[in-house]
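Visitor: I've got this one open in my viewer and I'd like to zoom in on a single part. Could you walk me through one strand and what surrounds it?

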Amino acid sequence: MFRLQGSKVLAVDMTGDAVKAKNGSMVAYDGQMAFKKLSGGGEGIRGMVTRRLTGEQMTMMEVKGHGTCWFADRASEINLVDLQGDKLYVESSNLLATDAGLRTGTSFTGVRGASQGNGLFTTTVEGHGQAALLSDGPAVVLRVSAQYPLTVDPGAYIAHQGNVRQSFQSGVTFRTFMGEGGGEAFQIRFEGDGLVYVQPSERNTIAGDV
Amino acid sequence: MPFREINSRMIEAVVAPGQRLFSQRGAMLAYRGDVSFTPNVQGGQGGFASMIGRRVAGEATPLMTVEGSGTVLFGHGGHHVQVIELAGDTLYVEADRLLAFDGTLEQGTMFMGSQGGVMGMVRGQVTGQGLFTTTLKGHGSVAVMAHGGVIEVPITPQRPVHVDPQAYVAHHGDVRNKLSTALGWRDMVGRGSGEAFQLELSGSGAVYVQASEEKL
């Protein structure tokens, strides 16, 4: 079971089961725990090769044992996500921990990825269970529905789930080339039905500079 | 008690005549009333011998004495501040994490090698904390800085707690600590899980852990 202790520490109570967590993110534990690095995120040879090729590197470890284990990463805020068979798309750098039962993989994002400064691929998490996401500052969850599409700054986007289509929008005009852009030249537009997680902070992206 | 948390990164201390407190030099943000701040060459209490001790041990942080009557606000570097109340037991903390503490507390320096022998010294090197640590003993409160929030994990004789050395902040109570290693062949070939070294704390007391693996 995942629970939050404060907003920046994730406590996981384990009784012989396992969780996958970001490499080196354990801060404390009691009881008996074993830590094992999962090469290629525990996705087998195929997943490992895919990750190498796509550059969506993710170093995860498997934590297994009895007791409570606490995770944290650079004082980032932690958000819990419950997955009931649906698919979560998340940047690998924003993924802190998942239930061992959840499958992780990579997916192609197109130009959107490049604008986020995270490459052309993103990580997917699928199955039934819980996942913990990292965000710089407390994240807000925004709902996307058919009537209300959502447009997000690529640097503030962290994850999304549900049946959502994403497209890339650019507001590049003559002014942008003159160095007079508003700093919001690129956006991601979400349409469909689902949830988008947004952090109150922007990563350094190409989009933020123009 | 003298320390009141204004928010997670700032504390207010009440100073009354005849009571003094120590704080890290330059950590005062604002004050009200008639308060004087004296740089403390000795780096704390205990006279000349203790000062030499701290210098040698590298546990000498620039402290100042705060006296007078009024209220003082303390904060430093935007770090989170945790107030720990001591009721007669001993708190072990790195000197550079100390923001402020009651003048009634007895300050000392402890040689880590005396706990755990050679492994204790290795511990100090690995954790980057050096061979010595500061102890505070008595009744009063201590304000400790940490990167990110702090959680308190209780230690009971049945349940020793393992802590990532970089996330360790302080501990109090009757606790023994040693460095435990989980070095396997995977770590040797660069395939480690990043959790090769852990501090094992056993006994009874509590350990404070920060939500980050960055030192101050």
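**A close look at strand E3 of chain A**

Guide: Sure, let's start with the strand pairing: E3(A) and E4(A) run antiparallel, joined by 12 bridges. One of the pairs to click on is Leu38(A), whose bridge partner in E4(A) is Met60(A). Bear in mind that this is a predicted model, with an ipTM of 0.76 and a pTM of 0.81 for the complex.

E4(A) has another partner as well. Strand E2 of chain A, residues 9-22, pairs with E4(A) in the antiparallel sense, over 11 bridges. Within that pairing, Met14(A) has Gly67(A) of E4(A) as its bridge partner.

Now go back to E3(A) and look across to the other chain. E3(A) is also joined to strand E11 of chain B, residues 161-163, by 3 bridges, and the two run antiparallel. If you want a residue pair to centre on, Ala28(A) stands opposite Val163(B) in E11(B).

That brings us to the interface, where 21 residues of chain A are in contact with 24 residues of chain B. On the chain A side, strands E3 (26-38) and E4 (60-71) each supply at least two residues. E3(A) gives the most to that side, with 9 residues. Sorted by class, the side of chain A that touches chain B has 10 nonpolar, 6 polar and 5 charged residues.

For the packing, try Phe71(A). Setting aside neighbours within four places in sequence, Phe71(A) is in contact with several residues, including Met26(A), Val27(A), Leu10(A) and Val12(A). Ala21(A), Ser25(A), Leu96(A) and Ala97(A) are also among the contacts of Phe71(A). Phe71(A) turns up again in the largest nonpolar core, which has 96 residues. Those with the most contacts inside that core are Phe71(A), Leu10(A), Trp70(A), Leu133(A), Val144(B) and Val209(B).

Watch the labels when you hop over to chain B, where there is an E3 too. E3(B), residues 21-24, is joined to strand E5 of chain B, residues 63-74, by 4 bridges, and these strands run antiparallel. E3(B) also pairs with strand E7 of chain B, residues 98-102, in the antiparallel sense over 3 bridges. Leu21(B) appears in both pairings: its bridge partner in E5(B) is Val66(B), and in E7(B) Leu21(B) stands opposite Asp102(B). As for confidence on that side, chain B averages a pLDDT of 81, and 75% of the residues score at least 70.

Key
Residues numbered from 1 in each chain as written. Chains lettered and ligands numbered in written order. Predicted model: local features only at pLDDT ≥ 70, side-chain atom pairs only at ≥ 80, totals over all residues. Contact = placed C-beta atoms within 7 Å. Nonpolar A, V, L, I, M, F, W, Y, C, P; charged D, E, K, R; others polar. Pairing = 2+ DSSP bridges. Core = buried A, V, L, I, M, F, W, Y, C linked by C-beta atoms within 7 Å. Buried ≥ 20, exposed ≤ 12 C-beta atoms within 10 Å, placed from the backbone. pLDDT = per-residue confidence, 0-100.
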